[in-house]
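The following report is meant for a reader who meets this protein for the first time. It goes from the overall make-up to a central strand, and from there to the cores, two helices and two single residues.

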Amino acid sequence: MKFKSLLSTFLLLFGLFAQAQTPVLLSADRADSLLKATPNLQVLDVRTAEEFAGGHLQQARNLDVRDSAFVRNLRRLDPSRPVLVYCLVGGRSAKAAALLAQNGFTVYDMQGGFTKWNAAGKPIEGGSPAIKGAMTMTELKAVTASRKPVLIDFYAKWCGPCQQMLPMINRLKTELKDQVSILTIDYDQNRELARQLGVDEIPTFLLYKNGDVKWRGLGTIQEDMFRAKIKEVQ
């Protein structure tokens with residue numbers, strides 16, 4: 001009986017330890033609630049310093065997960081306090097969350113990252129509210145009011161799928177110039193426009209005609225799909 005009791009206690013403690021070392025995935029809304037309910041929560045932005053300077057969560061600390069010294073720099077954090085980690089869309093934060101957990105931190109990983117947070121209109125610090133050269137909603141409406149279909153591509157320079165698809169998008173822009181106008185918009189330079197349009201993932205594609213969105217596509221999309229959707233709205 002004593003052995004069973006000790007074994008049960010060990011298994012319970014092991015289970016709690018394992019749970020503590022497993023990153024907890026949170027939506028932007030749940031992360032916001034956690035921030036409000038947990039005064040000692042540490043907020044870690046694992047994007048580049050340039051991205052961080054363009055806007056970040058309030059009271060966030062910046063440690064670039066792609067920096068070779070990232071694990072060493074974790075010593076700047078308090079291991080006795082939980083950490084909410086995020087990047088722009090979730091890929092880098094997943095890597096960082098795993099490293100944090102391996103180093104004994106209780107970790108919360110915000111899914112969708114800063115993109116989801118910004119799209120939800122939640123408070124941020126830093127950055128400029130009006131980036132020079134950014135497209136306004138008024139300008140977008142003027143562009144998309146045409147009877148000729150307009151395909152908008154929200155992309156980013158750091159986004160792998162975006163860059164992978166860009167040659168195909170540019171080819172379609174040339175080959176189908178009489179059928180559709182294709183416009184690429186840099187998400188980082190147009191976050192406010194993206195927020196107003198509900199763009200919280202990239203790449204996001206919006207196909208307009210007469211000012212109305214006729215189709216919305218997310219992620220990696222095949223060329224045949226673009227051609228079919230464009231043909232549908234002509």
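Two residues are said to be in contact when heavy atoms of theirs lie within 4.5 Å of each other. The model described here is a predicted one.

## Overall make-up

The protein holds 10 helices and 9 strands, and 42% of its 234 residues count as buried. Its accessible surface comes to about 12800 Å², and 54% of that surface belongs to carbon and sulfur atoms. Among the contacts between residues at least 6 apart in sequence, 69% join residues that are at least 24 apart.

## Strand S6 and the strands beside it

How many of the residues of strand S6 are buried? In this strand, residues 150–155, 6 of the 6 residues are buried, so S6 is largely enclosed by the rest of the structure. Val150, Ile152 and Phe154 point one way from the strand, while Leu151, Asp153 and Tyr155 point the other way, and all of them are buried.

The pairings that involve S6 or its partner S8 are set out in the table below.

| Strands | Sense | Bridges | A bridge pair |
|---|---|---|---|
| S6 and S7 (residues 181–186) | parallel | 6 bridges | Asp153 opposite Thr184 |
| S6 and S8 (residues 204–209) | antiparallel | 5 bridges | Leu151 with Leu207 |
| S8 and S9 (residues 212–218) | antiparallel | 6 bridges | Tyr208 with Val213 |

Together with helix H8, residues 160–175, the strands S6 and S7 make a right-handed β-α-β unit. S8 and S9, for their part, form a hairpin that has 2 residues between the strands, and in this hairpin Asn210 takes a positive phi near 55°.

## The nonpolar cores

The largest nonpolar core has 34 residues, and those with the most contacts inside it are Leu57, Leu140, Phe154 and Leu197. At least two residues of this core are supplied by each of several elements, among them helix H2, strand S4, helix H6, helix H7, S6, helix H9 and S8. The element that gives the most to this core is S6, with 4 residues.

Leu140 can serve as an example: leaving aside its neighbours within four places in sequence, this residue is in contact with Met135, Ile152, Ile185, Leu193, Leu197 and Tyr208. There is also a second, separate core, which has 17 residues and includes Leu77, Cys87, Ala101 and Val107.

## Two helices with a buried face

In helix H2, the residues Ala28, Ala31, Asp32 and Leu34 are buried. Seen down the axis of H2, these buried residues fall within an arc of 160°, so they line one face of the helix. In an α-helix there are 3.6 residues a turn, so residues three or four places apart point the same way. Arg30, Lys36 and Ala37, on the other side of H2, are exposed, whereas the buried residues of the helix pack against strand S1, S4, strand S5 and H6.

Helix H10, residues 223–233, has Phe226, Lys229, Ile230 and Val233 as its buried residues. Seen down the axis of H10, they fall within an arc of 100°, so they too line one face of the helix. These buried residues pack against S6, H8, S8 and S9, while the face turned away from the buried side carries the exposed residues Asp224, Lys231 and Glu232.

## Two buried residues and their contacts

Val199 lies in the loop between H9 and S8. Is this loop residue buried or exposed? Its relative accessible area is 1%, and residues under 20% count as buried, so Val199 is buried. Leaving aside its neighbours within four places in sequence, Val199 is in contact with Thr115, Ala119, Phe154, Tyr187, Ala194, Thr204 and Arg216. One of these, Ala119, is 80 residues away along the chain, yet the C-alpha atoms of Val199 and Ala119 are separated by 6.7 Å.

Ala97, by contrast, lies in a helix, namely H5, residues 91–102, and at 1% relative accessibility Ala97 counts as buried. With its neighbours within four places in sequence left aside, Ala97 is in contact with Pro23, Val85, Val107 and Asp109. Ala97 and Val24 are 73 residues apart in sequence and 8.9 Å apart in space, C-alpha to C-alpha.

Conventions
Residues are numbered from 1 along each chain as its sequence is written. This is a predicted model: local features need pLDDT of at least 70, side-chain atom pairs count only at pLDDT 80 or more; totals for chains, interfaces and linings use all residues. Side-chain values use heavy atoms; hydrogens and water are left out. Buried means under 20% relative accessible area, exposed over 50%, partly exposed in between (1.4 Å probe, protein chains only). Two strands pair if DSSP finds at least two bridges between them. A crossover is right-handed if, with the strands pointing away from the viewer, the path from the first strand over the helix to the second runs clockwise. Accessible areas come from the Shrake-Rupley method with a 1.4 Å probe; for residues, only the protein chains shown count as cover. A nonpolar core is a set of buried Ala, Val, Leu, Ile, Met, Phe, Trp, Tyr and Cys residues joined through side-chain atoms within 4.5 Å. The arc is that of the directions from the helix axis to the C-beta atoms.
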